[in-house]
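Work through the exercises below with the structure at hand. Each task is followed by its solution in steps.

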Amino acid sequence: KLSLLQELIQIMTYEWHNVVNKQIFDYYAERTPGSYIEMKDVSIVWHYRSADNQNYGAWQAAECQNHIEDALGTTYTIHAVVGNKKIEVMPRNINKAVAVSRILLAGVPDFILAIGDDRTDEDMFNYVNKLENVKTKITCTVGSKSSEASYFISGVMGVVTCLDILASGVE
């Protein structure tokens with residue numbers, strides 16, 4: 001049996017991968033020392049968190065997002081999402097909300113905990129918050145920022161503490 005990720009990958013085309021990676025991300029990576037490209041199963045990410053100049057990296061990220069949307073947005077069904085010191089390009093029809101909906105085809109749980117730290121999590125938060133047939137659902141963003149999440153945790157250690165409490169069964 002195929003995993004959810006394998007099923008989603010099988011229905012996608014990757015013609016856009018080479019264009020984004022070799023023509024656009026390489027261009028910005030060459031001009032932003034310390035930045036790098038990460039190839040994921042479904043998406044491609046340009047990271048500038050290690051860039052020599054963070055302000056320049058942020059400016060380049062905005063330019064890169066516009067470049068992708070203008071050059072490829074009408075040709076391919078992709079979008080560029082600005083995250084925490086990164087730009088992630090992925091198919092428009094694949095996101096974390098779609099993954100959650102596919103997982104729920106196997107059955108509806110009593111409890112859902114959705115935690116994330118960037119814009120790619122917002123569709124998931126919105127989807128989970130609207131689920132009416134789940135008894136308990138908690139959506140939580142990491143860091144204080146505008147979000148669809150119902151709660152926020154200040155940092156990674158807060159997430160670890162929360163998971164420790166849940167794992168130990170302490171209320």
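Two strands count as paired if DSSP finds at least two bridges between them. The model is a predicted one.

**Exercise 1.** Determine how many bridges join strand 1 to strand 2, and in which sense the two strands run.

Solution. Strand 2 covers residues 44-47, and 4 bridges join strand 1 to it. The two strands run antiparallel. One residue pair to locate is Tyr-36 with its bridge partner in strand 2, His-47.

**Exercise 2.** Give the strand order of the open sheet of 4 strands and find which strands stand at its edges.

Solution. The order is 1-2-4-3, with antiparallel pairing. Strand 1 (36-39) and strand 3 (78-83) each have a single partner strand, so each has one side without a neighbour in the sheet. On average, neighbouring strands here are turned by 20° against each other, direction ignored.

**Exercise 3.** Identify the strands that helix 2 lies across, then those that helix 3 touches.

Solution. Helix 2 (residues 15-31) lies across strand 1, strand 2, strand 3 and strand 4 (86-91). Its direction is at about 5° to strand 2. Helix 3 (residues 54-72) packs on the sheet and touches strand 2, strand 3 and strand 4. The direction of helix 3 makes about 170° with that of strand 3.

**Exercise 4.** Describe the open sheet formed by 3 strands.

Solution. The order is 5-6-7 and the pairing is parallel. Strand 5 (111-116) and strand 7 (151-153) stand at the edges, because each has a single partner strand. Strand 6 (residues 136-142) is joined to strand 7 by 3 bridges. Thr-141 stands opposite Phe-152 in strand 7.

Note on methods:
Residues are numbered from 1 along each chain as its sequence is written. This is a predicted model: local features need pLDDT of at least 70, side-chain atom pairs count only at pLDDT 80 or more; totals for chains, interfaces and linings use all residues. Side-chain values use heavy atoms; hydrogens and water are left out. Axes are lines fitted to C-alpha atoms, for helices over the stretch in contact, and angles run from 0 to 180 degrees between N-to-C directions. Contact means heavy atoms within 4.5 Å.
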